[in-house]
Amino acid sequence: MPHTLTPPSPPSASPFRACADLVRTLRDALRELEQRAAPADLPPLAGREWFELIHRKLLPQLHDDAFLVVAVVGGTNIGKSVIFNHIAGCRASATSPLASGTRHPTLLVRGEFVDTHDLAAIFPGFQLRPWTHADDALEDDPEHRLYWRVSAATPVNLLVLDTPDIDSDARVNWDRADNIRRCADVLIAVLTQQKYNDAAVKDFFRKAAQEDKGVIIIFNQCQLPEDEEYWPLWLGTFCRETGLAPELVYLAPTDRKAAESNQLPFYERTWPAPPEAARHASGNGVPRNLLDDLSRLKFADIKLRSLRGSLREMLDEDRGLPAYLRELEQRSADFRAAAELLSAHQLAEVENWPAAPNSLLVGEIRRWWAAQRQGWTAKVHGFYNAVGQGLAWPVRALRRTLRGEPESPLRVYRDKEWAAILDAVEKVFQKLTWLSELGNELLRPRLQRLLAGTNRLALLDALQTAHRQCDLEAELQEHVNRQLSRFQAEQPNCYEFFRRVDALAAAARPATSVVLFMTGFGPVGDALMPVFAHSAMQGMLHVAGDVAGGAMTAAVGEKVLSEGAAQGLGYLEARFRQLQAGFTARRAAWLAELLTQHLFRTLPEDLAAAAHLPETTEFQRVRQLQRNLARLVLPGEG
């Protein structure tokens with residue numbers, strides 16, 4: 001009857017399922033966090049020891065706690081393959097009196113296990129190939145291969161591995177051995193008098209101790225009974241310097257013939273070792289069958305210990321996930337300092353951005369107000385405005401004769417804007433140059449890329465093209481319409497007051513037109529005011545002349561005008577100023593958007609994103625999953 005390990009606990013009583021769910025969720029959350037943290041330019045998660053444990057150990061084995069992976073490991077030419085063949089019950093791996101040089105792991109597994117499990121998922125990082133010959137594992141090839149062989153003698157829930165030398169000069173062997181160590185639940189450490197104190201061997205098993213692996217130690221090639229007094233010294237040194245506490249200890253004598261014929265005896269020893277007299281009195285003892293002993297291992301305890309060791313390594317404060325989160329926090333703080341340095345200087349500050357011409361702004365205000373008039377009020381104002389245009393024509397013609405065709409205010413404004421844009425770009429590059437020389441390690445390479453000569457030329461070309469294509473008149477019209485519509489909605493009482501005044505002005509228009517004409521605020525005044533409007537107040541009176549000038553006098557009398565005009569006109573002037581300032585801000589925002597699009601690109605967003613990583617949902621989720629996992633599998637440590 002085939003060997004079977006002690007069955008696992010029922011799923012409902014096992015922590016493996018909950019642990020598996022948490023680790024899988026953590027893996028996905030870490031991927032999301034890494035993507036979110038891309039602007040921080042941290043080394044990738046792949047390649048970090050604790051993260052590799054998730055992929056190479058925890059995820060492949062947490063989904064199923066019904067088997068153990070046992071790996072035979074050790075240095076060069078110490079008989080690892082001999083031990084492996086004794087466990088296999090056949091010559092499954094090549095052996096030689098000389099160093100055979102195992103380069104690829106060899107796996108023994110039951111056929112039923114292969115039918116129901118994905119070996120590639122259990123051994124990630126290896127190309128799995130069926131075993132055909134004992135020399136397969138000796139082939140020198142850079143590809144990480146793992147040869148598997150069906151063995152009817154192996155317990156159905158036990159996987160046994162022969163591995164490359166852990167003290168080889170070939171780096172590729174180290175990588176393969178490390179991968180095997182991560183995958184294994186139990187390590188069979190094969191030691192000799194010559195190899196127990198080897199630095200590379202101790203370094204390998206020191207990592208195994210940190211992961212809390214279950215370890216069985218076999219001192220091979222012993223001279224018995226002579227070495228009975230020495231092996232406790234060798235093993236004591238090995239355990240002190242690696243931190244290991246072996247589950248079982250065996251001694252195997254030097255016997256080449258027995259080794260080659262798979263008849264080498266293995267004598268179990270107690271650890272810590274009893275006094276020397278007791279050891280000599282007990283003799284060698286009855287040889288043990290390694291496979292039988294493996295089949296009687298306390299499966300649940302070892303599996304849980306193996307997983308806890310990997311989880312403890314993953315959750316280690318100095319080397320694991322917590323250290324990665326601290327690294328993110330520190331990197332975020334560095335980016336926050338860089339972002340604060342950048343934001344402390346107004347890179348696109350413009351001191352001489354031109355204001356929108358009064359005449360253009362007045363015209364847009366008039367058009368908007370005219371669109372609000374209805375019925376007889378619209379007809380009266382429309383008639384007298386047309387008359388006013390006719391009366392003003394001779395004045396405009398005379399001015400053109402005396403001064404020539406006036407230059408378009410819009411063209412003048414466009415030229416002034418372009419001059420302001422050039423000035424702003426120059427200041428931006430000056431400040432970027434200064435900031436790049438301050439020594440901020442995060443900002444310097446990014447700013448130097450922005451300061452490249454081709455970037456400046458490309459930016460100016462893009463700005464000039466965008467400026468030429470910009471419909472400034474439509475921009476101004478849209479701005480005025482939006483702001484006055486907002487005024488209409490937010491201050492309906494004030495708006496209705498001006499509507500009533502406008503209606504009264506229409507009723508009094510025939511009586512006031514001459515007065516307005518004589519004072520410069522009537523139909524002729526419309527034509528003359530652009531010549532004489534040198535102040536914002538004059539511009540405001542130009543806007544409100546028809547509404548507030550003679551109409552208010554005719555409708556409500558001199559007393560009301562003298563007491564309320566200053567306040568009313570002051571309010572109108574403030575609104576006019578707001579319209580001008582708002583349009584200037586709109587145009588400055590247009591420039592800022594173009595600078596972001598063609599110069600800064602994603603730099604501000606990248607700095608901000610990296611500066612606030614610890615506050616993101618992804619970071620907080622990973623931290624909470626870390627705490628939940630520690631509470632579940634490391635009670636008292638989470």
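**Notebook: loops, two helices and the cysteines**

I began at Asn-262 and found this residue in the loop between α9 and β9. The model I am reading is predicted. Phi of Asn-262 is near 60°, and I noted that this is a positive value in a residue other than glycine. I wrote that down because most residues other than glycine have a negative phi, and most peptide bonds are trans. With a relative accessible area of 26%, Asn-262 is partly exposed; the band for that word runs from 20% to 50%.

**Another positive phi**

I then looked up Asn-77. Its phi is near 55°, again positive in a residue that is not glycine. Asn-77 sits in the loop between β1 (68–74) and α3 (80–88). Is Asn-77 buried or exposed? Neither word fits: at 42% relative accessibility I have to enter Asn-77 as partly exposed.

**Cis peptide bonds**

Next I checked omega at two prolines. A cis peptide bond joins Leu-224 and Pro-225, with omega about 10°. I placed Pro-225 in the loop between β7 (214–222) and α8 (231–242). The bond from Trp-271 to Pro-272 is also cis, and there omega is near 0°. Pro-272 belongs to the loop between β9 (267–269) and α10 (276–282).

**Ala-259**

I went back to helix α9 (residues 256–260), where Ala-259 lies. The relative accessibility of Ala-259 is 16%, so I count this residue as buried; the limit for buried is under 20%. Which residues does Ala-259 touch, not counting those up to four places away in sequence? I listed Val-82, His-86 and Leu-264. I also looked up a C-alpha separation: Ala-259 and Gly-79 are 180 residues apart along the chain, yet their C-alpha atoms are separated by 8.6 Å.

**Helices α14 and α19**

Two packed helices are described by the angle between their axes and the distance between the axes. I looked up both values for α14 (residues 358–372) and α19 (residues 472–490): the axes come within 9 Å and cross at roughly 50°. An angle from 35 to 65 degrees falls outside the parallel and perpendicular ranges, and α14 and α19 are therefore oblique to each other. I recorded their crossing as right-handed.

Then I listed who meets whom. From α14 the residues are Leu-360, Leu-361, Glu-364, Ile-365, Arg-367, Trp-368 and Gln-372. On the α19 side they meet Glu-473, Leu-476, Gln-477, Val-480, Asn-481, Leu-484, Ser-485 and Gln-488. Sorted by class, this contact has seven nonpolar, five polar and three charged residues.

**Cysteines**

A disulfide is a covalent bond between the sulfur atoms of two cysteines. How many disulfides does a search of the whole structure find? I got zero. I looked at two cysteines anyway. Cys-19 has a relative accessible area of 4%, so I entered Cys-19 as buried. For Cys-183 the relative accessible area is 0%, so Cys-183 is buried too.

**The whole chain**

Last, I noted the totals. I counted 26 helices and nine strands in the chain. Buried residues make up 47% of its 638 residues. Among contacts between residues at least 6 apart in sequence, 80% join residues at least 24 apart.

Definitions and conventions
Residues numbered from 1 in each chain as written. Predicted model: local features only at pLDDT ≥ 70, side-chain atom pairs only at ≥ 80, totals over all residues. Heavy atoms only, no water. Axes fitted to C-alpha atoms, helices over the stretch in contact; angles between N-to-C directions. Helix = DSSP H or I, 4+ residues; strand = E, 2+ residues; numbered from the N terminus. Parallel < 35°, antiparallel > 145°, perpendicular 65-115°, else oblique. Left-handed = near helix turned anticlockwise from the far one by under 90°. Contact = heavy atoms within 4.5 Å. Nonpolar A, V, L, I, M, F, W, Y, C, P; charged D, E, K, R; others polar. Buried < 20%, exposed > 50% of the residue type's maximum accessible area, 1.4 Å probe, protein only. Disulfide = S-S within 2.5 Å.
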